[in-house]
Structures are given as structure tokens and as C-alpha cells.
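Here are a few exercises on ring geometry, burial and overall dimensions. Grab your viewer and try each one before reading its solution.

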Amino acid sequence: MKVLIATEKPFAPTAVAKMKEILEEAGISPVLLEKYQDKGDLIEAVKGVEGIIIRSDIIDKDVMSADPELKLVVRAGAGYDNIDLQAASERGVVAMNTPGQNANAVAELVFGMLVLMARNNYNGSAGTELKDKTLGLHAYGNVSRNVARIAKGFGMKVYAYDPFLTAEQIEAEGVIPVEKIEDLYKQSQYVSLHIPATPQTIKSINYELLSLMPKGATLINTARKEVVDEQGLMKLMEERPDFSYVSDVRASNVEEFEQKFPERVFFTPKKMGAQTKEANINAGLAAANQCVNFLKNGIDKFRVN
Ligand code: 3PG
């Protein structure tokens, strides 16, 4: 039995070594495909394996069709919008994620980018502090919980909007619940996005919503580029020289943003939120264990389809 670890953006070597160990101990042969160039490489590598472990790698109909043996795809991470779930279900392929495993890494990057922007890219001019500023968390899941914990250390006032949680659940963690999405944007100098990309959320962070943010506002996106209406954001930033955008998920028109607002945007060159040794180990090992549990014992915890 074989499991392919297919990562265009590789895990830290320590994580890979431990993942291999877990699979081998269970009698599963690991196959490694890292930094591959195109979908063709993935299609070749997938042939004959029963499980695949991926990160943001795209598993679509073509990849799944290349491997009639395929039973399982584990996304070592939170978001699984890179897996065609319908195609997986049609082929009887189980899809899973590893929720929470890379959450702290993403949350720490939120603050790495926030401080960079608040201190004017360290250009020598007087910046601002985060203490006593308001931070709105759009959705309150694993990453948000970590962001809230760190924000409190900075002395920020933290609000959260999450229609899937009760006000009591949010309050219990020392965060102020906000009932209406518009109020979150009105009250927050900083808004951090933690929503998945779904048909309902795509382009939902639009001009109208962002216009509600107070003077000197900053939007932080470590979620998905698709959730932001980039045209709306561009228009807003053209109208409001006080508005900044920092993002770990590069906009489609990143060059235009950088050219028009060099001081007010920051994009990581590659999605780096989950790219720490610790997060690689947490998510990678969880994924390897989930492979063993499912392929050997039929346990489908964290199944998403
Ligand atoms: C996730 O959904 O877990 C994050 O976006 C991390 O993605 P990555 O594994 O490609 O870094």
C-alpha cells in the first residue's frame, strides 16, 4: 500500500521524516513529490497510490481519474477548497483536513504583518502602536482563537463575528461578540479575515463592507484571496489614502496594488502562514496518522465530504 506526499511547497524535512516513519511503521510505503512543476507531474505520481497527503495542492477530477486505486485525500491544513469534493464523492474518495494544526503559525504571521504595517514598513517614520486599538475577527475558528490570544497580549480590544457560534461561546473566551457583520467593520481599526472560500463567501468582502471601517483602517487577509472583491478593494484604496491591506494570499492583480499603493499594501511572496517547522510537524503528522487510521482501520475522523 502506498501514500503519496505531494507538496508543491514542501514541509520542513523533519516533518517529512516523521511522516514517513508513521506510514512505514504501519506498513505503508511513502512516496514523495515536492516542488513539482505542473499538474502533469502530480498525475504521474498519483498512479497506484491509495492515499494522498497534500497542502494547497489542487486535487481535481483529472488527478483523481488518473488513479483508480485512490481512497483518501488528506489536506494537511485547514482549508480544503483545493479539493474537488464532488468529484471525490462520485469516485468514493474520502477527503479530510487536519483542523487547528497550523492555526498558531497563521496567527503569528497576522501579527508579523500587522506590526510591519503599523510601523510603516520600518521606513524610519513614526508609526502607530497596536495597544488600545480595536481588532475585528471575521469568523471565530481555530486561527481566530490564536489571533485573539496574541491580540490580548498586545493590549488590543478584540471583537468577533461568527454566525455559527453563540454570543456566549465567544464571550467565554474574553472576546466581544458582534451580532451584525456591518458592526464588526464599523468598530474595528483592524479586521482579520478567517472565513473559508465558499460560494457564499467569495467576493463577500466588498467595497460597501470595507467602507464602514474607521479612519486609518487595515484589512488583514490570511484566509483566501477569493473572499475579497479585489476591484472593490482597489476602488476603496484609491478613494481612501488612510486604508491599508496586508495579505498572505496574493491578490490576482498584486502588481497593480503594489504599484498604486506601495506604502499601504504588503503581500508575502508565497503563502507563508502555515510555513513553520512546528506547523509542518503538527499538520503533517496529523495527516500521516489520519492516513493510517483510515487506510488500516477505516476511521474517517475529520472527513469533509
Ligand atoms: C490552510 O488552509 O491550512 C492554510 O491556508 C495553509 O496552507 P498551506 O498548507 O498551503 O501553507
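**Exercise 1.** Which residues do ring pairs link into a cluster?

Some ground rules before the solution: this is a predicted model, where local features need pLDDT of at least 70, side-chain atom pairs count only at pLDDT 80 or more, and totals for chains, interfaces and linings use all residues. Numbering runs from 1 along each chain as its sequence is written, and side-chain values use heavy atoms, with hydrogens and water left out.

Step 1: rings of Phe, Tyr and Trp (its six-membered ring) pair if their centres lie within 6.5 Å; planes under 30 degrees apart are stacked, over 60 edge-to-face, and the rest tilted.
Step 2: follow the pairs, and you get a cluster of Tyr245, Phe257, Phe261 and Phe267.

**Exercise 2.** Classify the pair formed by Phe111 and Phe154, then say how buried each ring residue is.

Step 1: the rule yields five aromatic pairs.
Step 2: in the Phe111–Phe154 pair, the centres are 5.1 Å apart with 10 degrees between the planes, making it stacked.
Step 3: the pair ties helix α5 (residues 103-118), home of Phe111, to helix α6 (residues 142-154), home of Phe154, across 43 residues. Helices here are DSSP runs (H or I, at least four residues) and strands are E runs of at least two, numbered from the N terminus.
Step 4: Phe111 is buried at 5% relative accessible area, while Phe154 is partly exposed at 33%. The cut-offs are under 20% for buried, over 50% for exposed and in between for partly exposed (1.4 Å probe, protein chains only).

**Exercise 3.** Why does the pair of Tyr245 and Phe257 count as tilted?

Step 1: their planes sit at 40 degrees and their centres 6.3 Å apart, so the pair is tilted.
Step 2: Tyr245 belongs to strand β11 (residues 244-247) and Phe257 to helix α11 (residues 254-260), twelve residues apart.
Step 3: both turn out buried, with Tyr245 at 2% and Phe257 at 0%.

**Exercise 4.** Place Glu50 and find its side-chain partner.

Step 1: look in the loop between α2 (39-46) and β3 (51-54).
Step 2: Glu50 is buried, at 14%.
Step 3: its side chain makes a polar contact with that of Lys71 at 2.7 Å. Such a contact is a pair of N or O atoms within 3.5 Å; within protein, one must be able to donate a hydrogen and the other to accept it, and residues adjacent in sequence count only if both atoms are side-chain atoms.
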